[in-house]
Amino acid sequence: VAGSWVNQCLLEVEVKGVCVSEGRETCNTFEKLLIANRGEIACRVIKTCKKMGIKTVAIHSDVDANAVHVKMADEAVCVGPAPTSKSYLNMDAIMEVIKKTRAQAVHPGYGFLSENKEFARRLAAEGVTFIGPDTHAIQAMGDKIESKLLAKNAKVNTIPGFDGVVKDADEAVRIAREIGYPVMIKASAGGGGKGMRIAWDDEETREGFRFSSQEAASSFGDDRLLIEKFIDNPRHIEIQVLADKHGNALWLNERECSIQRRNQKVVEEAPSTFLDSETRRAMGEQAVALAKAVKYSSAGTVEFLVDSSKNFYFLEMNTRLQVEHPVTECITGLDLVQEMIRVAKGYPLRHKQADIPINGWAVECRVYAEDPYKSFGLPSIGKLSQYQEPLHVPSVRVDSGIEQGSDISIYYDPMISKLITYGSNRAEALRRMEEALDNYVIRGVTHNISLLREVIIHPRFVQGDISTKFLPEVYPDGFKGHQLTDHERRELLATAACLYVAEQLRSQRFLGTPRIPIAKSKRNSWELSVHLGDGIYPVAVSKDGSSFSVEVDGMKLNVTSEWNLALPLLSVTIDGTQRTVQRLSRDASGKTSIQFLGTVYKLQVLTKAAAELSKYMPEKAAEDTSSILRSPMPGAVVAVSVKPGDMVSEGQEICVIEAMKMQNSMIAAKTGKVKAVHCKAGDTVGEGDLLVELE
């Protein structure tokens with residue numbers, strides 16, 4: 001039943017296979033709806049509106065004028081320049097667009113104004129429906145201090161901590177000592193991992209207070225902070241709730257969101273491998289009790305931390321649609337956006353708690369324009385020169401707001417898409433995710449597919465042995481990409497050698513005919529030398545019809561493929577094992593980049609003679625990076641702490657870079673005197689730009 005359901009589900013919506021219920025809405029809702037957001041979530045809302053027969057209005061900044069959500073909507077209006085404070089957070093401009101277009105309702109998506117009570121209040125004053133809860137619920141749950149008190153009163157399990165606003169760094173240290181280290185410092189109005197810091201001692205508490213308050217002010221316009229006990233090694237499991245204006249509320253099962261970096265989720269799934277039916281019910285009932293306590297009406301999410309003994313503690317309630325909502329849609333069959341719109345119009349829920357199923361398993365990977373080799377993901381910017389979603393893989397859903405030619409800029413979140421796979425069980429969903437990641441073509445920006453693929457195939461993840469510390473525990477020295485086994489190394493060397501030979505054979509032909517008709521008979525064997533990492537490997541290739549016989553390390557491999565080098569994806573079969581590879585680049589010197597098992601490997605393929613001569617080529621000396629500080633990512637300089645002539649110590653903060661609303665402290669690699677400072681507060685810098693030089 002689950003398998004047939006998802007096949008039906010994937011055919012129901014015209015665009016990109018959204019897992020939602022079939023058929024147009026038969027009840028009257030709204031004629032025109034404005035989406036106060038951008039990117040994939042704006043596109044997601046538009047898809048459901050089209051299904052329901054609702055006309056849509058998109059808003060956009062000037063740099064988003066050609067964005068996908070702008071093209072999908074029935075109308076689109078510019079609300080300001082690129083910075084979010086002047087466009088997507090510009091309430092005055094958005095209210096003007098609402099009046100101009102006569103939109104009857106506004107869906108805020110997530111982030112931006114989705115949990116802003118002032119925005120909801122202004123809409124209500126104009127008689128415009130806010131697709132979400134009322135201002136009371138937004139205020140109560142959006143304020144982490146008030147929400148914790150309400151949760152306690154609703155008999156929801158809560159984390160020990162200080163139920164008040166922390167005034168300054170000194171008070172933060174005093175409170176942290178009283179609670180006992182480690183503590184979590186976080187923005188009262190926060191979310192999305194912004195404005196959050198873990199502190200293990202007094203010094204980290206002071207530093208965390210400073211950064212968290214700055215990030216909170218930048219992201220939410222509210223620098224109030226709270227402090228609570230940090231539960232070490234927990235799972236992050238959340239309950240989806242859905243409530244109407246008639247006192248009905250449901251819990252739509254859980255989502256496992258423990259794979260995180262910098263408190264932001266990376267991989268999510270539903271259901272969780274950890275919960276039994278009793279714990280699931282207890283969490284669901286507490287989540288519904290909290291929703292009813294604040295007279296909640298709409299879709300919302302109650303987040304919990306769950307320890308190894310299945311004790312669970314209320315973390316926060318998000319009064320909006322979550323980024324990871326698709327996995328819930330896939331296992332329940334509900335379209336959450338559609339339900340939100342119906343509830344906002346005043347209709348009662350169509351389902352009872354007993355109607356909510358867990359059909360199969362769904363996994364979501366957040367595909368980001370990030371370099372996973374830097375702190376598990378520092379932002380990358382650029383133009384998508386080639387982009388192809390893996391929609392040909394069965395039971396795959398891609399929620400994205402970009403296309404080939406789109407720009408990933410420093411102004412907004414670097415998410416490329418949400419990649420969701422569905423299966424009748426977890427193993428099937430993970431197998432499809434592995435295939436989908438291998439078949440995802442993203443060129444022009446650095447992306448995190450290598451990290452995502454490694455996570456979902458890691459034995460600990462496959463066994464369900466995860467926590468919010470999964471990434472730092474599995475990769476204590478940072479992520480290094482896929483570590484090849486000897487067999488996989490031979491497969492990669494053989495593939496690279498065959499690609500080189502196929503390229504040579506193609507260059508001998510012109511429009512399907514040999515360039516020189518009187519040329520000698522075709523060559524059938526090649527002696528090559530392949531450079532991979534620190535090793536140089538002799539590889540012998542011989543052609544046998546459409547396949548190649550390759551000898552590596554004294555072992556023979558049979559390699560077959562169509563060898564259509566113009567395609568971005570190459571299906572290669574090596575001794576009966578199918579691999580999907582991508583050749584990302586090549587040059588005349590034999591250097592090539594190949595994406596294999598999710599990770600990009602740099603190789604150099606030379607003939608035996610060329611390899612002998614390459615020994616005499618001088619090597620470029622590596623740059624001494626200890627005396628210079630370069631920006632590891634594109635972003636804006638928030639503060640510079642040094643000037644020429646200052647003495648700095650190793651590890652001392654030199655400047656702060658903000659990228660995608662996250663602040664990052666740049667530190668000195670050694671003790672020395674500052675020779676030159678090449679940036680100032682307010683500057684925009686690119687990845688690799690020189691910031692500071694030491695003598």
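# A guided tour of the predicted model

Begin by selecting R366 and E268, which form a salt bridge whose closest N and O atoms are 2.7 Å apart; a salt bridge here is a side-chain nitrogen of Lys or Arg within 4 Å of a carboxyl oxygen of Asp or Glu. The pair links distant parts of the chain, with R366 in strand β15 (residues 361-368) and E268 in strand β12 (residues 264-270), 98 residues apart. Helices (H or I, at least four residues) and strands (E, at least two) are DSSP runs, numbered from the N terminus. Both R366 and E268 are buried, where buried means under 20% relative accessible area, exposed over 50%, and partly exposed in between (1.4 Å probe, protein chains only).

This is a predicted model, in which local features need pLDDT of at least 70 and side-chain atom pairs count only at pLDDT 80 or more, while totals for chains, interfaces and linings use all residues. Residues are numbered from 1 along each chain as its sequence is written, and side-chain values use heavy atoms, with hydrogens and water left out.

## The salt-bridge network

Keep R366 and E268 selected, and add E238, R255, K265, E303 and E324: salt bridges that share partners join these residues into one network. Within this network, focus on E238 and R255, a salt bridge with its closest N and O atoms 2.7 Å apart. E238 belongs to strand β10 (residues 235-243) and R255 to strand β11 (residues 249-261), so the bridge ties together parts that are 17 residues apart in sequence. E238 is buried, at a relative accessible area of 0%. R255 also counts as buried, at 0% relative accessibility.

## A second long-range pair

The structure holds 49 salt bridges. For another of them, select K418 and E40, whose side chains meet at 3.1 Å, N to O. This pair too links distant parts of the chain: K418 lies in strand β22 (residues 415-423) and E40 in helix α2 (residues 39-52), 378 residues apart. K418 and E40 are both buried.

## Helix α4 and its surroundings

Next, select helix α4 (residues 91-101) and display its side chains. Which residues of helix α4 are buried? They are M91, A93, I94, M95, V97, I98 and T101. In an α-helix there are 3.6 residues a turn, so residues three or four places apart point the same way. The buried residues of α4 pack against β1 (32-35), β2 (55-61), β3 (75-80), β4 (105-107) and α5 (117-125). Directly after α4 comes R102, whose phi is positive, near 60°.

## R489 in helix α17

Move to R489, found in helix α17 (residues 486-507). R489 counts as buried, with 15% relative accessibility. What is R489 in contact with, leaving aside its neighbours within four places in sequence? The partners are L484, L532, Y537 and D553, contact meaning heavy atoms within 4.5 Å. Draw a distance from R489 to L532: the two are 43 residues apart in sequence and 9.0 Å apart in space, C-alpha to C-alpha.

## Two cis peptide bonds

Select Y181 and P182 to find a peptide bond that is cis, with omega near 0°. P182 sits in the loop between α8 (169-179) and β7 (183-191). Then select A270 and P271, where the peptide bond is likewise cis, its omega being near -5°. P271 occupies the loop between β12 and α10 (277-293).

## Positive phi outside glycine

Go to K155, which is not a glycine yet has a positive phi of about 65°. K155 lies in the loop between α7 (144-153) and β6 (161-162). Is K155 buried or exposed? With 70% relative accessibility, K155 counts as exposed.

Now select R262, in the loop between β11 and β12. R262 is a residue other than glycine with a positive phi, near 50°. Its relative accessible area is 27%, so R262 is partly exposed.

## A negative surface patch

End the tour at D201, E203, E204 and E207, which form a negative surface patch. Patches are made of residues with over 30% relative accessible area and no salt bridge, with like charges joined within 9 Å and nonpolar side chains (Val, Leu, Ile, Met, Phe, Trp, Tyr) within 5 Å. Asp and Glu count as negative and Lys and Arg as positive, while His and the chain ends are not counted. The place of a charge is taken as NZ of Lys, CZ of Arg, CG of Asp or CD of Glu. Accessible areas come from the Shrake-Rupley method with a 1.4 Å probe, and for residues only the protein chains shown count as cover. Within this patch, E204 lies in helix α9 (residues 202-220). E204 is partly exposed, at a relative accessible area of 31%.
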